[in-house]
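Here is a short report on one protein chain. Look through the sequence and the structure first. The notes that follow go from one helix pair to the chain as a whole.

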Amino acid sequence: MTLHQIWIALCARKRFIAGTLLASVACALTLSLLWPKTYKASTSLVLNYKGVDPVSGLSMSPQLMPGYVATQIDIIASKSVALRVVDALGLQRDPDFVEAFRSAGGEGDIRHWIAEQLQGRVRVTPSRESSVMEIAYKSRDPEFAAAVANAFATQYMQASVQLNTDPLKKVSTYFVAQIAALREKLEQARNRLSRYQQEHGIVDTDNRLDVESARLNELSTQLVEVQAQLIDARSRSREAQAGGGREAPEVIANQLIQTLKASLAQAEARLAVASGKYQPEHPLWQAAKTEVDKLRSELAANIKATSGSIVSTARAAEQRERDLRAAVAEQKSRVLALNRARDELSVLAKDVESARSAHDAAVQRFNQTSLEGHANLPDVSVLSPAIAPTEPWFPRLPLNLAAAVFLGLFLGVGCALLSEFFRRRVHTARDLADALQAPVLAAFEWKKAGADGPGTALRGGGLQRLLPGR
């Protein structure tokens, strides 16, 4: 069928289409007037997911936003929040709800039954491009609808705060026990450190170690010097003992010995002269002999004394060397003991510092957790509270009439086309030619009786109506 044929067919069935349209509009008007009015109140909430938490200083990652919004929607529509709304509005004592509960059978808890009824009528709708959510509630009473929507928003914020603070309060209780245990460990570590310092008399390990190390260095220097002196003393002692002490440098450098040697040489010269002149029994020879013996005895005594002083000096050097060696060994032991004490003291000090760090970290985390647990700060705020609507959400007369007109036209046109398809009528000369598969010679137009008189008129063009009753 062409568009012209469709238009002719619809014009031929315009009464049916108009009847369908009028019936649809009448039904819509009747239902709109008789149907109980339902009012819809909505509250808008803003989720603070992009902001920074004022207590913890943390912000939510944007990637977690879809799951976070879905979680908040589930919380709002949960039975827990619905029960809070029932308790906040006192609906379990409302006569209408009590009567409805009895009519429904009256089994179970009325609070849970009312909460289920509220859950079935509340709707939570998130925005696509923002963090705004809408809580809508439908009821026949506009004031009640607004009250329930606002109550859901308020109770949701309180439930959200409780869901955040209850785990933190439990964690705070856990931290209290842990802090007590860590404080006890810190006190034990401090007591061990103090007791060790008292037992070893250590006040400042580093300064004392510096003093003892300097003393060890000084003793070591003295020992090296004494050892050098000892080597020289031993060398002189061997020289003094080897030649009777006469060739020792100290003997040679002794003025008294040299004087005695000169006097002895002179006395020996006089003895030699006396020996050439006199007999041994002569008094002059005896006197010269006595002088020589005396000088020799004094010279030997002085040489021996000088050699003995050299040996004594060597022995004193050996004793000094032994004393310094023992002092160095003792000082080394003291320094090593002090090093060990410092190492042990460092370990104890590190234990104290570790215990203090753990205790301070636990206290800091406890303070933060305690602060978060007592902070009644919801991460959502009310953008616009619900108010009692003045116009019903359903039925809407203009919208229903517009929908009825559209539906009536759609049904009328559709039914007319279906009827034309299953029961084809001849409306134009072309329809007759197509049906008979023969050319049309003439077309007659039926007219009502008028000034021209009864009958038919022959005209060219199309057959407006061919057989009465068809």
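**A helix pair**

Start with helix H5 (residues 95–103) and helix H6 (residues 110–121), which pack at an angle of about 100°. Their axes lie 11 Å apart. An angle of 65 to 115 degrees counts as roughly perpendicular, so H5 is roughly perpendicular to H6. This is a predicted model.

Which residues meet where H5 packs on H6? From H5 come Phe 97, Val 98, Ala 100 and Phe 101. From H6 come Ile 110, Trp 113 and Ile 114. By class, this contact has seven nonpolar residues. Polar and charged residues are absent from it.

**The chain overall**

The chain has 470 residues, and 31% of them are buried. Its secondary structure comes to 13 helices and six strands. Now take the contacts in the chain with a separation of 6 or more: 77% of them join residues 24 or more positions apart.

**Annotated segments and cysteines**

An unreviewed UniProt entry carries the annotation "transmembrane region" for residues 16–35 and 401–422. What secondary structure does the model show over residues 401–422? The chain there is 100% helix and 0% strand. The C-alpha atoms at the two ends of residues 401–422 are 31 Å apart.

The structure holds zero disulfides. Cys 27 has a relative accessible area of 47%. Buried means under 20% and exposed over 50%, so Cys 27 is partly exposed. Cys 415 also counts as partly exposed, because its relative accessibility is 36%.

**Pairs distant in sequence**

Four residues have partners elsewhere along the chain. The table gives each pair with its separation in sequence and the distance between C-alpha atoms.

| Pair | Separation along the chain | C-alpha distance |
|---|---|---|
| Arg 84 and Gln 158 | 74 residues | 9.4 Å |
| Gln 188 and Val 352 | 164 residues | 8.5 Å |
| Ala 267 and Asp 293 | 26 residues | 9.2 Å |
| Val 132 and Leu 45 | 87 residues | 5.5 Å |

Take Arg 84 to begin with. Arg 84 is found in helix H4 (residues 79–89). Is Arg 84 buried or partly exposed? Arg 84 counts as partly exposed, because its relative accessibility is 22% and buried means under 20%. Set aside its neighbours within four places in sequence. Arg 84 is then in contact with Gln 155, Gln 158, Ala 159 and Gln 162. Gln 158 is thus both a contact of Arg 84 and its partner in the table, with 9.4 Å between C-alpha atoms.

Gln 188 is found in helix H7, which covers residues 142–200. With a relative accessible area of 38%, Gln 188 is partly exposed.

Ala 267 lies in helix H10 (residues 255–277). Is Ala 267 buried or exposed? Its relative accessible area is 1%, and the cut-off for buried is under 20%, so Ala 267 is buried. Leaving out neighbours within four places in sequence, Ala 267 is in contact with Glu 291, Val 292 and Leu 295.

Last comes Val 132, in strand E3 (residues 132–139). What does Val 132 contact, apart from its neighbours within four places in sequence? Ser 44, Leu 45 and Val 46 are among its contacts. Thr 125, Pro 126 and Ser 127 are also in contact with Val 132, and so is Leu 383. Leu 45 is 87 residues from Val 132 along the chain, yet their C-alpha atoms are separated by 5.5 Å.

Note on methods: Residues are numbered from 1 along each chain as its sequence is written. This is a predicted model: local features need pLDDT of at least 70, side-chain atom pairs count only at pLDDT 80 or more; totals for chains, interfaces and linings use all residues. Side-chain values use heavy atoms; hydrogens and water are left out. Axes are lines fitted to C-alpha atoms, for helices over the stretch in contact, and angles run from 0 to 180 degrees between N-to-C directions. Helices (H or I, at least four residues) and strands (E, at least two) are DSSP runs, numbered from the N terminus. Angles under 35 degrees count as roughly parallel, over 145 as roughly antiparallel, 65 to 115 as roughly perpendicular and the rest as oblique. Contact means heavy atoms within 4.5 Å. Ala, Val, Leu, Ile, Met, Phe, Trp, Tyr, Cys and Pro count as nonpolar, Asp, Glu, Lys and Arg as charged, and the others, Gly among them, as polar. UniProt positions are given in the numbering used here, feature names are shortened, and annotations may be inferred rather than shown by experiment. A disulfide is a pair of cysteine sulfur atoms within 2.5 Å. Buried means under 20% relative accessible area, exposed over 50%, partly exposed in between (1.4 Å probe, protein chains only).
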